Amino acid sequence: MKIETVTLREIRMPLVSFFETSFARMHQRRILLLQVVVDGVEGWGEVTCGEAPYYNHEATDTAAIVLRDFAIPLALGFEFEHPAQLAARLSRIRGNAMARAALENAVWDARAKREGQPLWKLLGGTRTEIACGVSIGIKDSVGDLLETIEHELADGYQRIKIKIKPGWDVDVLEQVRGRFPTIPLMGDANSAYTLDDLDHLKRFDAFHLMMLEQPLWHDDIHLHARLQSAIATPVCLDEAIHHARDARQAIDIGACRIINVKLGRVGGFTSALAVHEATARAGMPVWCGGMLESGVGRAHNIALSTLANFTLPGDVSASKRYWSEDIIEPEVTVTPRGTIQVPTAPGMGFAVNLARVKQLSAWEQTFR
Ligand code: OSB
Ligand code: MG
């Protein structure tokens, strides 16, 4: 395989409503898309980082530099048999996993299209339908949150995740549990706590959460093991897991009982497959996380979610939760039983609406 051209674009898409985490409130996305041509076949990838380096160190503008000055020049003209070899070549770049992942994932899409098979099958996936949960941001009031939960449950979603932080946690969970005593519920702190909060975090056990996602420092695995041994609620790691070695370390020391796999955060499909393998072997369930992706990233997340060890509902939800109009056709829709039907068309299984992409583009640059 050989990449002939790469077109890098930044699109701007307003969110249908703001999304707030412990680190920021977001109203609009600035998303980098990659359109590659590999052996005459087109593929698409999305950089899943935020606009600011608050979730991890990456940000839209730094990812554009990494792609333009380093990743794309490493990839152009490189001949390889399998996308994993491209991933290996790109691993010369330290960190910047979301920038690298977009390029590798676009090549996987092109490869699947060339072979005339769905991307999920090429990856070794087995599900034809995936289970969906939703991630609900911090709201202006608990009333708003309860109303949103009501609405998402009515749409069929199989589990509710709420964002939490100090000052928006125990009281909020108490009210959510008061109203919805038995729903599958979890909290995501995005690293908002420290071990000094141990007594406070122990109080979460009363709410019977499916899991507590990344409560401590974004770069810590070790101290999460201390937390996990002190609370009954399963810890789920997100930010802290960058590759299969991190997953194995977390498993070995008991830092978590569940892992959120994000394609961008782990550096693309090759690495995600390795994390999947490591967790499956250890009997640790995983689920697919989200980064407020446009349709391209969403399509890749659906393909990933078909792997056998993705046994828990992911943060992979309908296009309409984020966008008034998505950039893929058809848009991602969720069935009344809270699932997404996995597409059967070759590649990522959704067509990119190029006219819409161009309309939303702030700039584009093509490399040969
Ligand atoms: O921690 O999972 C997270 C969004 C942006 C940054 C980090 C996270 C999230 C989400 C939203 O929880 C997931 C989604 O619905 O795309
Ligand atoms: Mg998270």
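**Questions about the metal site, the ligand and some backbone details**

Colleague: Where is Asp 315 found, and is Asp 315 buried or exposed?

Modeller: Asp 315 is found in the loop between α11 (295-304) and β12. Bear in mind that this is a predicted model. The relative accessible area of Asp 315 is 8%, and buried means under 20%. So the word for Asp 315 is buried.

Colleague: How many Å apart in space are Asp 315 and Tyr 157?

Modeller: Along the sequence, Asp 315 and Tyr 157 are 158 residues apart. From C-alpha to C-alpha, the separation in space is 10 Å.

Colleague: Happy to move to the metal. Which residues coordinate the magnesium ion (ligand 2)?

Modeller: The donor residues follow the spacing D-x24-E-x24-D in sequence. Their distances to the magnesium ion run from 2.1 to 2.3 Å. The donors are Asp 188 (OD), Glu 213 (OE) and Asp 238 (OD).

Colleague: Which strands hold Asp 188 and Glu 213, and are both residues buried or exposed?

Modeller: The magnesium ion (ligand 2) has Asp 188 and Glu 213 among its donors. Asp 188 lies in strand β7 (residues 185-188) and Glu 213 in strand β8 (residues 212-213), so the pair ties together parts that are 25 residues apart in sequence. As for cover, both Asp 188 and Glu 213 are buried.

Colleague: Now the other ligand. Which residues come nearest to ligand 1?

Modeller: There are 17 residues around ligand 1. By class, that shell has 6 nonpolar, 3 polar and 8 charged residues. Those that come nearest are Ser 135, Asn 190, Lys 262, Leu 292 and Tyr 322.

Colleague: How much of the accessible area of ligand 1 does the protein cover?

Modeller: Let's start with the polar contacts. An oxygen atom of ligand 1 is 2.8 Å from a side-chain N or O atom of Ser 135, and an oxygen atom of the ligand is 3.1 Å from a side-chain N or O atom of Asp 238. Leu 292 takes part through a backbone N or O atom, 2.9 Å from an oxygen atom of ligand 1. Of the 390 Å² of accessible area that ligand 1 has on its own, the protein covers 99%.

Colleague: Between which domains does ligand 1 lie?

Modeller: The clue is in the shell, to which two domains give residues. Ligand 1 therefore lies between domain 1 (3-116 + 351-367) and domain 2 (121-341).

Colleague: Which two residues does a cis peptide bond join?

Modeller: Most peptide bonds are trans. Here omega is about -5°, and Pro 330 is found in the loop between β12 (328-329) and β13. The cis bond joins Glu 329 and Pro 330.

Colleague: Asn 96 and His 208 both caught my eye. What is phi of Asn 96, and what is phi of His 208?

Modeller: Most residues other than glycine have a negative phi. Asn 96 lies in the loop between α2 (83-90) and α3 (97-114), while His 208 is in the loop between α7 (198-202) and β8. Asn 96 counts as buried at 15% relative accessibility, whereas His 208 is exposed with a relative accessible area of 64%. For Asn 96 phi is near 50°, and for His 208 phi is near 50°.

Colleague: One last residue: how many Å separate the C-alpha atoms of Thr 339 and His 200?

Modeller: Thr 339 sits in strand β13 (residues 339-341) and is buried, with a relative accessible area of 7%. Thr 339 and His 200 are 139 residues apart along the chain. Their C-alpha atoms are separated by 35 Å.

Conventions:
Residues are numbered from 1 along each chain as its sequence is written. Chains are lettered from A and ligands numbered from 1 in the order in which they are written. This is a predicted model: local features need pLDDT of at least 70, side-chain atom pairs count only at pLDDT 80 or more; totals for chains, interfaces and linings use all residues. Side-chain values use heavy atoms; hydrogens and water are left out. Donors are N, O and S atoms within 2.8 Å of the metal (3.2 Å for Na, K and Ca); water is not among the atoms, so sites may look incomplete. Helices (H or I, at least four residues) and strands (E, at least two) are DSSP runs, numbered from the N terminus. Buried means under 20% relative accessible area, exposed over 50%, partly exposed in between (1.4 Å probe, protein chains only). A residue is near a molecule or strand if one of its heavy atoms lies within 4 Å of it. A polar contact is a pair of N or O atoms within 3.5 Å; within protein, one must be able to donate a hydrogen and the other to accept it, and residues adjacent in sequence count only if both atoms are side-chain atoms. Accessible areas come from the Shrake-Rupley method with a 1.4 Å probe; for residues, only the protein chains shown count as cover. Ala, Val, Leu, Ile, Met, Phe, Trp, Tyr, Cys and Pro count as nonpolar, Asp, Glu, Lys and Arg as charged, and the others, Gly among them, as polar. Domain bounds come from an automatic or database domain assignment.
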